[in-house]
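Subject: Structure for you to look through

Dear colleague,

Here is the structure I promised to pass on, with the sequence beside it. Please keep both open while you read the notes that follow.

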Amino acid sequence: MNKTLQQKNTRYFLIWLPLVLLIGTTLFYFLMSTHAHHMEEEQLELTQENIWNMLATGRETLPFHITGEYDLEKGNPVQADLLHAQRDTSIYYPASKEWVPFKILTEQRLLKGQHYQLTTYISSREITHLVIKVFIADVFVFILLLAAIVIINRKSSGLLWKPFYATMKEVNEYDIIKNESFQLPTQTGIREFDQLNQVITTLIGNVTQAYRNQKQFVENAAHELQTPLAIIRSKLDLLINSPHLTEETASLLADITAANDRLSQMNKNLLLLTKIDNHQFPDQSEINVSVAIDKLLTYYQEYYDGALPQIRKSIQPDIHLYANTSLLEILINNLINNAFVHNLPNGYIHIELDSRSLTIENTGHTIEGATDRLFERFSKGREQSNTTGLGLSLVKRICLIYHFDVSYTYAENIHRITVTFPQS
Amino acid sequence: MKLLVIEDERSLLTSIVQYFNQEKFLCETAGSYEEGVRKIEDFRYDCIILDINLPGGSGLQLLKHLRLNKSRDGVIIISARDSLDDKIDGLDLGADDYLTKPFHLSELNARVRALIRRKYAEGASVLQVGPLKADLPSRTIIYADQPIPLSKNEYDLLLFLMTNKNRVVSRQAIAEHIHDGPSEQIPSSDFVYSHIKNLKRKLKEKGCQEIIHTVYGLGYKLST
C-alpha cells in the first residue's frame, strides 16, 4: 500500500536515526571511558609527583601509609615489570563492609641513598559511576533528540507540503464545464511549488482554451446549420405541394423529410447542450416536480392517444426542487421520452418519485456493449435510427448542474434510471 | 393581402414568397436592413415577416423603427435564435409573433393568417372552410350547424388543416403545430396518423364527406 509522504519520511527517520544514534552513543561511551582512564592515570601520576616532592624536601615526616591514598615503603619489594603501569586492586572497607575497586600506580626512586617505593591509589568507583551517569544522560538526550527530530520533521513537512495539498485540492475541484477562471497562487513561499502552480495553471489554461474553442465551434456550427436546415425544410414544403408528385418521388421526399427533421432535432439538442454549458439558463425557482411529471404524463397520453405503454406511478405529492423550469422539464421529459421510445410492445413504464429521488423504470431490449457510455453524446441503442442520441446526454448535463446523481441499472429486460437529489 | 418578407437568405426568401404567392398574397421582398427600412417607410403591409440577422442592421432595430413610426403593421419575427430572452425581446419591441428557424411554411402560413385575423378582421371570429366552420373563441368546429366533439389536439389539427386548405401539410408540421410539450423537444410525428384517423371518423359520423386526404406518405390535405 502507498503511504503518505509524511509516513514515509517518518519511517526513514525511525529506521536510520536510532541506528546512527546507537553507533554515536557507543562511540561516545568508549571515548568517555578512555578519557576517564586517562584522567585516572594523570591523577595517579600527579599524586606520585606530589608525594615524591614532599619526601624529597623532607621537611615534614610523612605517614607511610594512608588507606586509599598511598603506600610508601623503603626498599624495592615489587618486581620491576609491575612498575609504571596502572593496575587494578580493591580494598576492603570494614565500616561499610564493601570492597572498593581502586587503580594503583607504583614507582620506585632513589632518594638520599635510600630506595623508596610509592604506590598511589585512586578509587575507580567514582569515575565508573560518573561514566555510567553521563552515559545514561547521553542516552536520554539522544532519545529526546530522536523524538524531537521526528516530531519537528512531521510538523515542518506538514507545513512545507501545505501548498502542495492546497494545489491538489484546487485542481481536484476544478471543473472545466463550469467555465470558471483558474489561477493557483504563485507566491507560496516555496519556489518549487510556485513553479508547480505556474505549470499547472498554464496547463489548465491551455486545456480550458481548447475546450472553449471546441465548444464555440459546436455552437457556431449548430447556429450556422439552422439556416440551411430552414431552407431545406421550406423547399420540401414547396415540393410536397407540387402538382406533379408521383408515388416514387413522394416516397423519396418522405425519406428526405424524415432525415431532415432528425437533423433539425439533433441540431436543436446540440444548441441546447451548448446553451446549458454556457449557463444560459440562470433563472431558478421552486418547482413542484410531482405536478410537472403529472402534467407531462397527461400531455403524453393526449398526444400519443392511447398508443403508450402501460404507465405505473408512485409519485409523492408536492415534491419541490429548486431549479430552472425549462431545464427540469427537459430532464423529466427526456427521461420519460427515453422510457417510451425504448420500450417493448406491451411493456410498461414505472415512475417513482419521493423527496430523495426520481426513478424511471421501463421494459426494453438488452443494451449491447458497455452501458457506462449510455449518458454520452451519440451513444445509441440498437434499432433506434429515429433518435438523436443526445437525450440522455442532456439529462446527464442537467444533473451535473444541480448536483443530482444519476445512475443506470439493468436487470432482466428492465431498465432503470435513478436521479438522486442532493439532501440539504 | 400584402406581405413584406425581410430575409437576407435568398433561397429561403424565394421559398416564402413562392408559398405565399400560391396563397394569393401580394409579396414584396427586402434582403437587407436599408431595403427593409425603405419599404416599411413607403408602404403599408398587412403582415411583415422579419428576420433578425440582416446585413446592415438588426431586425429588432427595424422593428423599433417601425413601431416608432406608429405603424400597426403585423410583424412576425423569424429567427435562428430560439432562446426565451430573444423571444421576449422581440415581443416586447412589438412583434406579434415569433417563429424559430427551421420552420414549416404551413406553420408560417397559419401564423400569418391568425395574425391577420386578429389584427384586421376584428369580430370575424369564424373561419369558414368548405362545409366546415370554426368558431375560434369557443374552439369548436361546426358542421351543418352541429358542433363536432373534438379533443384539444384534434381541434388544433383540424384548424391547422383548414388554415392551410388545399395544401399538403407534412406530418412533422402537424406534429410540431399541435405539440405543447417542452419547446426544446421536437415531437415524433408517428402519432399524427392516429389523430387523423379519429378526426376522419368523427367527421364521417356527422355526415361530412371525405375532405381530408392522405398524400402518399408525406402528409395530409384538406380539400374544398
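The centres of domain 2 of chain A and domain 3 of chain A, taken over C-alpha atoms, lie 23 Å apart, and please bear in mind from the outset that this is a predicted model. The two belong to a division of chain A into domain 1 (5-158), domain 2 (171-279) and domain 3 (281-420).

Which residues have the most contacts inside the largest nonpolar core? That core has 48 residues, and the ones with the most contacts inside it are Ile293(A), Leu328(A), Leu335(A), Ile336(A), Leu358(A) and Phe404(A). Helix 7 of chain A, which covers residues 325-341, gives the most to this core, contributing nine residues, while domain 2 and domain 3 of chain A each supply at least three residues to this core. If you would like one residue to follow by eye, take Leu335(A), which touches Leu358(A), Ile360(A), Leu392(A), Val395(A), Ile417(A) and Val419(A), leaving aside residues up to four places away in sequence. There is also a second, separate core of 29 residues, and among its members are Leu157(B), Ala173(B), Val192(B) and Leu203(B).

Next, please turn to Leu44(A), which sits in helix 1 of chain A, a helix formed by residues 5-57. Is Leu44(A) buried or exposed? Its relative accessibility is 1%, and because buried means under 20%, Leu44(A) counts as buried. Once residues up to four places away in sequence are set aside, Leu44(A) touches Gln86(A), Lys103(A), Ile104(A), Leu105(A), Thr120(A), Tyr121(A) and Ile122(A). Leu44(A) and Tyr70(A), for their part, are 26 residues apart in sequence and 9.7 Å apart in space, taken from C-alpha to C-alpha.

Finally, there is a set of strands in chain B that is worth tracing slowly. Strand 14 of chain B (residues 219-222) runs antiparallel to strand 12 of chain B (residues 168-170), and three bridges join the two; strand 13 of chain B (residues 212-215) also runs antiparallel to strand 14, with four bridges joining that pair. Where do these pairings meet? Gly219(B) in strand 14 is the bridge partner of Ser170(B), and Gly219(B) is also the bridge partner of Val215(B). Strands 13 and 14 of chain B form a hairpin with three residues between the strands, and in this hairpin Tyr216(B) takes a positive phi near 45°.

With best wishes

Note on methods:
Residues numbered from 1 in each chain as written. Chains lettered and ligands numbered in written order. Predicted model: local features only at pLDDT ≥ 70, side-chain atom pairs only at ≥ 80, totals over all residues. Heavy atoms only, no water. Pairing = 2+ DSSP bridges. Domains from an automatic or database assignment. Core = buried A, V, L, I, M, F, W, Y, C linked by side-chain atoms within 4.5 Å. Buried < 20%, exposed > 50% of the residue type's maximum accessible area, 1.4 Å probe, protein only. Contact = heavy atoms within 4.5 Å.
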